[in-house]
Amino acid sequence: MDTNADRINAIAALAEALTGLGQSEPGPGQSIRIHISPTGVLGAGLEHCHSFDLTPERAHQLADHVGALNCSPNSERPDGGIALDPETIADLAELFEDIDLIDLTNAILKATRPERRGAVIHAMDDMFGDRPAPEDTDP
């Protein structure tokens, strides 16, 4: 497929996806307009230009999804798994094996105000499973 046809197909696919997000008619209040078109001199390419009106809420949702795409395009495999090399996995395993959960719990509770310790203990229980009793720690 030539570059121009590929670009036009990509614009058409994006236009179709954005049409589903956009408002068919601008609603009350302000909206956000997005224009997409081929770059360069348009000439006869005006038929490939598209405009969409989005509510601010939909624009935020679109931005969140685009942000998620930008975070990990090179770190995910096509099957959705994360591609880590074996050395990285071994380094991470070693790092986590060296963490003493009792020392970590004590350090966190020492840094927590007394009135918040109950909530912190419950949050740690949600993350790690076993909740230490306050009397078993050295705050």
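This is a short walk through one chain, from its overall layout to its salt bridges, a few buried residues and a nonpolar surface patch.

What you see above is a predicted model, so please keep that in mind throughout.

I will start with the layout. The chain contains five helices and two strands. Reading from the N terminus, the order is α-β-β-α-α-α-α. That is, one helix precedes the two strands, and four helices follow them.

How much of the chain is buried? Of its 139 residues, 15% are buried. The exposed surface comes to about 10700 Å², and 56% of that is supplied by carbon and sulfur atoms. As for contacts, take those between residues at least 6 apart in sequence: 42% of them join residues at least 24 apart.

Now the charged pairs. In general, side chains of opposite charge can pair when their charged atoms come close. The count of salt bridges here is two.

One of them joins Asp-53 to Arg-33, with 2.6 Å between the closest N and O atoms. Asp-53 belongs to strand β2 and Arg-33 to strand β1, so this pair ties together parts that are 20 residues apart in sequence. On your screen, strand β1 is residues 32-36 and strand β2 is residues 50-54. The two side chains are also listed as making a polar contact, at 2.6 Å. Is Asp-53 buried or exposed? Its relative accessibility is 8%, and because buried means under 20%, Asp-53 counts as buried.

The other salt bridge is between Glu-115 and Arg-113, where the closest N and O atoms are 2.9 Å apart. Glu-115 has 57% relative accessibility and counts as exposed. Arg-113 is exposed too, at 52%. So one bridge has a buried partner in Asp-53, whereas the other is made by Glu-115, which is exposed, and Arg-113, also exposed.

Next, the region around α4. Which residues of α4 are buried? They are Thr-105, Asn-106 and Leu-109. These three cover an arc of only 95° around the axis, and therefore they sit on the same side of α4.

Further along is Thr-112, in the loop between α4 and α5. For orientation, α5 is residues 117-128. Thr-112 is buried, with a relative accessible area of 11%. What does Thr-112 touch, leaving aside residues up to four places away in sequence? The answer is Arg-117 and Val-120.

Last, the surface. There is a nonpolar patch of about 530 Å², made by Leu-92, Leu-95, Phe-96, Ile-99, Leu-101 and Leu-104. Where do these residues come from? Two helices, α3 (86-97) and α4 (101-110), each supply at least two of them. The largest share is from α3, with three residues. Ile-99 is placed in the loop between α3 and α4. At 38% relative accessibility, Ile-99 is partly exposed.

So α4 comes up twice in this talk: it supplies residues to the nonpolar patch, and it holds the buried residues Thr-105, Asn-106 and Leu-109.

To recap, there are two salt bridges, and one of them, Asp-53 with Arg-33, links strand β2 to strand β1. Thr-112 is a buried loop residue between α4 and α5. The nonpolar patch draws on α3 and α4, with Ile-99 in the loop between those helices.

Terms used. Residues are numbered from 1 along each chain as its sequence is written. This is a predicted model: local features need pLDDT of at least 70, side-chain atom pairs count only at pLDDT 80 or more; totals for chains, interfaces and linings use all residues. Side-chain values use heavy atoms; hydrogens and water are left out. Patches are made of residues with over 30% relative accessible area and no salt bridge: like charges are joined within 9 Å, nonpolar side chains (Val, Leu, Ile, Met, Phe, Trp, Tyr) within 5 Å. Accessible areas come from the Shrake-Rupley method with a 1.4 Å probe; for residues, only the protein chains shown count as cover. A salt bridge is a side-chain nitrogen of Lys or Arg within 4 Å of a carboxyl oxygen of Asp or Glu. Buried means under 20% relative accessible area, exposed over 50%, partly exposed in between (1.4 Å probe, protein chains only). Contact means heavy atoms within 4.5 Å. The arc is that of the directions from the helix axis to the C-beta atoms. A polar contact is a pair of N or O atoms within 3.5 Å; within protein, one must be able to donate a hydrogen and the other to accept it, and residues adjacent in sequence count only if both atoms are side-chain atoms.
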